[in-house]
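Me: Pick one part of this model and take me through it closely. I'm at the bench, so keep it chatty, but spell out any cut-offs you lean on. Once that part is clear, tell me what else is worth seeing.

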Amino acid sequence: MVGSRPMLSWGKGALLCAVLCAACGRGVPILMYHSVGGDSDLLTVKPEELDAQLDYLQSSGFNTVTLREVIDAHNGGKLPPKPVVLTFDDGYVDAATEALPRLVQRGQKATFFIISGFCAQDASTRVTHWQRQFLTWPEVGGLRDAGMEIGSHTVDHRRLPHLSAAELQAEVHDSRAVLESFLGNPVEFFAYPYNDQSRWVRLAVEKAGYRGAVVGSRGNSDPFTLQRVTMHRGITPADLRSMLTESWESSYTEGG
Amino acid sequence: MIAALLAVSAAAATGALPTPPVEDEIPAFGALGPQAAGATSVTATGGRPFYSLRVAHGLSDAVDLAAAFDYSPDGVYRPAIEARARACRAGPAQLVARLLIGRAFTSGVGMADTNDGEFALQLAVAPISRAALFVEGSLLGTTDFTRERTAGFVQGAGGIVVALPGGFSLLGSLGILQGVRGHRTVGSSGASVRF
């Protein structure tokens, strides 16, 4: 995504921009994290990398916001200057042990997408899947109590476009119902497992009552296919700066 | 512009003297530009978003070309080239098209270097020869050829220019720059000298 430059000459590029610019534009950047820790997995960000990234966001004047704030802003609400959304998928135990303390320390917030079927009642029955440990319900409640936004990432993290209507309904609707039942407040946002979705799946998510959903790099500014930037191991603050910087016009007009 | 070119061609064909430049009739238009053939102007303005310095030179009585340097205290430096062409003129009114292409270099936090383009149409009316009011609508585009930093903007502004003796003039404008996620006031004032 970053640094991808189409093979356009200046003339063709300028012409293309002149034609397309009225319709294009960038929404609030949404960063997609998964896990934080020492694993060698590419989607596991090292704790020191997360520290450096959160410090960069803070020192550069970025304000972390929730997806609810982003969608509210679409409907006339107000966002702070330089908004950015941090999301953490899957609900690994390191969301509570590594990510949360770092966010709280800096006064930042994030959206955690939880796989409801992987949440155990307590640590003694903690679910281990994909050789990883997942959050318990009390730990999910701890995220919520710390001011974090909780979203649904289905019941079992299955590829939704391949499911029958009944299975899809269960994954999309039941996960929300369970999360809301436990948390006692609305769960308004959804993350498609593997970022895999289709028109049929999007309709099911919308019908289930969600206000929006996130995908990966193939998204856009539509509330049910909100684009995210993948945060993988090795991203430096300089890389993040390149990913989040904007034109002077965007910076100027958003500051008004 | 086509009409002006046709008029010049017709005058040349008949051997008659060409009509005097517009700026001789209405000095306020001379201050707004485009500069007459061979004339040069230096314009300095300050405000939001930019403090600007422009040197414009008339290529013909209807077209000039300017080298510009814009600076913003937010950390933006933008060298640019700007062309202006008088599209038409009717009595105390003129319509001018303006095209700017520049490269914005940034040192501010959260901003990236981009290529900027602007196309504007400016309608000016001079109720008296030494003062003109104008309104201008612009389409602006910015890109570094990534999706994240390619965006379009629109701007509307209005202003006044007053021509003083000796080729000096004062000008000021106020408007709104509208982006996808917000808008902000733009405005500047300054002085120009022609020689």
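Reply: One term to begin with: a residue is buried if 20 or more other C-beta atoms lie within 10 Å of its own, exposed if 12 or fewer, and partly exposed in between, with C-beta atoms placed from the backbone. On that count, 37% of the 195 residues in chain B are buried. This is a predicted model: local features need pLDDT of at least 70 and side-chain atom pairs count only at pLDDT 80 or more, while totals for chains, interfaces and linings use all residues. As for labels, residues are numbered from 1 along each chain as its sequence is written, and chains are lettered from A and ligands numbered from 1 in the order in which they are written.

The part I'd pick is in chain B. This chain has three helices and 10 strands; helices (H or I, at least four residues) and strands (E, at least two) are DSSP runs, numbered from the N terminus. Walk along the sequence of chain B and you meet α-α-α-β-β-β-β-β-β-β-β-β-β. The strands, E1-E2-E3-E4-E5-E6-E7-E8-E9-E10, make a closed barrel with antiparallel pairing. From one strand to the next, the twist averages 20 degrees; axes are lines fitted to C-alpha atoms, for helices over the stretch in contact, and angles run from 0 to 180 degrees between N-to-C directions.

A quick refresher: strands of a sheet pair through backbone hydrogen bonds, either parallel or antiparallel. Here, two strands pair if DSSP finds at least two bridges between them.

Now zoom in on E4(B), residues 76-90, and E5(B), residues 93-106, which run antiparallel over 12 bridges. B:Val76 faces B:Thr106 across that pair, and B:Tyr77 has B:Phe105 opposite. The two strands make a hairpin with two residues between them, and B:Gly91 in the turn has a positive phi of about 60 degrees. E5(B) also pairs with E6(B), residues 114-128, again antiparallel and over 12 bridges. There, B:Gly102 sits opposite B:Asp116.

Further along the barrel, try B:Leu171, in strand E9 (residues 168-178) of chain B. B:Leu171 counts as buried because 21 other C-beta atoms lie within 10 Å. Its C-alpha atom and that of B:Ala31 are 8.5 Å apart, although 140 residues separate the two along the chain. B:Ala31 is also one of the residues B:Leu171 touches; leaving out those up to four places away in sequence, the others are B:Gly159, B:Ile160, B:Val161, B:Ser189, B:Gly190 and B:Ser192. Contact here means C-beta atoms, placed from the backbone, within 7 Å. Over chain B, residues 24 or more positions apart account for 45% of the contacts with a separation of 6 or more.

What else to see? Chain A. It has nine helices and 12 strands, and 41% of its 256 residues count as buried. Of the contacts in chain A between residues at least 6 apart in sequence, 60% join residues at least 24 apart. Have a look at strand E9(A), residues 149-152, which is covered on both faces: A:Glu149 and A:Gly151 are buried on one side, A:Ile150 and A:Ser152 on the other. E9(A) pairs with E6(A), residues 111-114, in the parallel sense over four bridges, and A:Ile114 stands opposite A:Ser152.

For helix packing, go to H6(A), residues 165-183, and H7(A), residues 199-207: their axes come within 9 Å and cross at roughly 45 degrees. That angle makes H6(A) oblique to H7(A); under 35 degrees would be roughly parallel, over 145 roughly antiparallel, 65 to 115 roughly perpendicular, and the rest is oblique. The crossing is right-handed, meaning the near helix is turned clockwise from the far one by less than a right angle, whereas anticlockwise would be left-handed. A:Leu168, A:Gln169 and A:Val172 of H6(A) meet A:Val201, A:Ala204 and A:Val205 of H7(A). By class, that is five nonpolar, one polar and no charged residues. For the classes, Ala, Val, Leu, Ile, Met, Phe, Trp, Tyr, Cys and Pro count as nonpolar, Asp, Glu, Lys and Arg as charged, and the others, Gly among them, as polar.

Terms used: Contact = placed C-beta atoms within 7 Å.
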